[in-house]
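This report covers helix packing, strand pairing, burial and the contact between chains. The structure comes first.

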Amino acid sequence: MKQIPFTIASYDKFIEDKKLMASKCVKCRAIWLPPRPICLTCKSDALEWVELNGKGKLVAFTVIGVGPMPMINAGYNRDKPYCSGIVELDEGPRISAQILGVDVAHPENIKIGIPLTATFVERGSWHFVEELARVKKTYLAFQA
Amino acid sequence: MTQRKRKLGRGVAMVGAGMSAFGIRPDVTNRELFAEAFLDMVSSVDRGFDPQDIEALYVGNCGAEMWESQSVMGALCADVTGLTPRPALKVEDACASSSVAVREGIMGIASGMYDMVLVGGTEKMSILPTNWTTMALACGSDTTYESAAGFTFPGLYASMATAHMERYGTTHDDLLRVAIKNHNNGALNPKAHFPKTIKDVMDMRKAQAKEKGKPIPNWADEMEFLHDPRYNPVIAWPNTLFDCCPVTDGAACILLVADEIAKNFTDKPLYIIGSGQASGHNLHDRETLTSIPAAKLAAQQAYEMAGVRPQDINIAEVHDCFTIAEIMAIADLGFFKEGKEAATAAGEGKTARDGIKPVNVSGGLKCKGHPVGATGAAQVVEIFQQMRGEAGARQVTNMDINLALNHNIGAHGTTAVVQIYERR
């Protein structure tokens, strides 16, 4: 079977299918999320796809009222802020994602270290050109 | 990576430096801001010079494509300053664009290719509405994986702040004290975007309330004012408005020459003795969230090249796009220990203008303003004036400034440049 290339498009397709897929180095076993075409540890390009279990913990976060256009178009604003954070997955890698199910009205109550589970949300695309920004895409998010 | 001691092929000196007024400049474009900085630079060269002797330009510009729908800023800046047809390189490395331009110009002279080059940067940002400026700035992070997760620039630095708070017990007041300190400095800088102390701003708000016949807020001091969300709202928690640098229009430039001809132009040239630059991963891929690894590496390279230590540096201009960024910078540069010592340095007066290690005497990005493509060069303009004793009311007077440093971060640490300057 032909290897699925380690590209953003492949990753996006997996996310669309609600699968959190990473690239794993065949040589040194390091796991990369977002997936990479070259292992950062041993620089090998011998990689394979692995599915992660989607469980992790919060390591840093913010609550944003003034967001970029895709978040504004998704209905977020000063009165309805959202949380973005960095999540450390059980398998080791860290990823940026929107964090759902936390008390955005009281960010001081959001605790670093809380357990999170991967989920998937739909929003417009990141693009300056309106026609492209309107295209809906599935994004990785995490649920507290 | 193979480690080899890097050095300049020949010495490079600064003999002129200038900047435009920073702020909201509705009547001028990028190239005109650059021309304003250029003319200011020309007037700073003690014995004068013929601008036609400039052999090349290196112009930092982060996003005129987005803000002005205009690329080729190098050639346009050559045109407006009368320097066409010299080679003109536009350099983009987000908020470190002009520091990278300075460094490329240094290498142009050190290589023997040129004897005199113009380096600097320009950015016109106030054109777009806030939501589009947020987008334009966010293009400096990884739009596929970071911006698409909702992260803005204030948000990325806010995340570093939450990690710092969790790890070291840093408080939001520690962050706000950086803003108070930098506004105290910037209030004395006539070219700053907001040449006001936070106390001045607080008194202004009281006066405005009185004028409008509204109840006059009774804040006891500036910290209490900063705690008032009506006047200092959250932008990206825990970053409030006063933790963030403003959106600014401005330009800055510097005249670099080979060191053997420097004395033709002035008795007080300044010499570039150390230069370092490194790149970094996305925030989520770094081994630490409480330090900027690229900045540490760039600093190490610059110290090694210069043969000096952090404690030898007299003053520094560092990248305080957000208050937490200065706290991380002064640790990454080795001035203070990462954690509580760095977090409390501003509050304890250590980094004040009359402190043991004055940091951001210009007012920093926070108060002077942050026209992203011009910021690094503007840091060097401040160093030029401070080292020559020409900084007016904000001149550091409690020490001789023989060694100074600038630290400029591109994006949230995907690029870092550190350079060291010597007065002989």
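Helix 7 of chain B and helix 11 of chain B are roughly perpendicular to each other, because they pack at an angle of about 90°. The model is a predicted one. The axes of helix 7 (residues 172–186) and helix 11 (residues 323–332) of chain B lie 8 Å apart. On the side of helix 7 of chain B, the contact is made by B:L175, B:L176, B:V178 and B:A179, which meet B:T323, B:I324, B:E326 and B:I327 in helix 11 of chain B. By class, six residues of this contact are nonpolar, one is polar and one is charged.

A second helix pair in chain B is formed by helix 4 (residues 97–110) and helix 14 (residues 375–387), whose axes are 5 Å apart at an angle of about 70°. That angle makes helix 4 of chain B roughly perpendicular to helix 14 of chain B. Here B:S98, B:S99 and B:V102 of helix 4 meet B:T375, B:G376, B:A377 and B:V380 of helix 14. The contact of helix 4 with helix 14 of chain B comprises three nonpolar and four polar residues, and no charged ones.

**Buried elements of chain B**

Helix 3 (residues 73–80) of chain B is largely enclosed by the rest of the structure, because six of its eight residues are buried. The buried residues in helix 3 of chain B are B:M73, B:G74, B:A75, B:L76, B:C77 and B:A78. Their cover includes helix 1 (30–44), helix 2 (64–67), strand 2 (56–60), strand 3 (88–91) and strand 4 (116–123) of chain B. After helix 3 of chain B comes B:G82, which has a positive phi, near 75°.

Strand 7 (residues 250–258) of chain B has eight of its nine residues buried, so it too is largely enclosed by the rest of the structure. Two of its pairings within chain B, and one pairing between the chains, are listed below.

| Strand pair | Sense | Bridges | Opposite residues |
|---|---|---|---|
| Strand 1 (residues 12–19) and strand 7 of chain B | antiparallel | seven bridges | B:G18 and B:C253 |
| Strand 4 and strand 7 of chain B | antiparallel | eight bridges | B:E123 and B:G250 |
| Strand 4 (residues 55–64) of chain A and strand 5 of chain B | antiparallel | two bridges | A:V63 and B:W237 |

**Chain A and the interface**

Chain A contains three helices and eight strands, arranged along the sequence as α-β-β-β-β-α-β-β-β-α-β. The C-alpha trace of chain A spans about 50 × 40 × 25 Å along its principal axes. Of the 144 residues in chain A, 39% are buried. Among contacts in chain A with a separation of 6 or more, 51% are between residues 24 or more positions apart.

Which residue of strand 5 of chain B is the bridge partner of A:V63? The partner is B:W237, within the antiparallel pairing of strand 4 of chain A with strand 5 of chain B.

Between the chains, 30 residues of chain B are in contact with 29 residues of chain A. On the side of chain B that touches chain A, helix 5 (130–138), helix 6 (153–168) and strand 5 (234–237) of chain B each supply at least two residues. Helix 6 of chain B gives the largest share of that side, seven residues. By class, the side of chain B that touches chain A has 15 nonpolar, 12 polar and three charged residues.

Notes:
Residues are numbered from 1 along each chain as its sequence is written. Chains are lettered from A and ligands numbered from 1 in the order in which they are written. This is a predicted model: local features need pLDDT of at least 70, side-chain atom pairs count only at pLDDT 80 or more; totals for chains, interfaces and linings use all residues. Axes are lines fitted to C-alpha atoms, for helices over the stretch in contact, and angles run from 0 to 180 degrees between N-to-C directions. Helices (H or I, at least four residues) and strands (E, at least two) are DSSP runs, numbered from the N terminus. Angles under 35 degrees count as roughly parallel, over 145 as roughly antiparallel, 65 to 115 as roughly perpendicular and the rest as oblique. Two residues are in contact if their C-beta atoms, placed from the backbone, lie within 7 Å. Ala, Val, Leu, Ile, Met, Phe, Trp, Tyr, Cys and Pro count as nonpolar, Asp, Glu, Lys and Arg as charged, and the others, Gly among them, as polar. Two strands pair if DSSP finds at least two bridges between them. A residue is buried if 20 or more other C-beta atoms lie within 10 Å of its own, exposed if 12 or fewer, and partly exposed in between; C-beta atoms are placed from the backbone.
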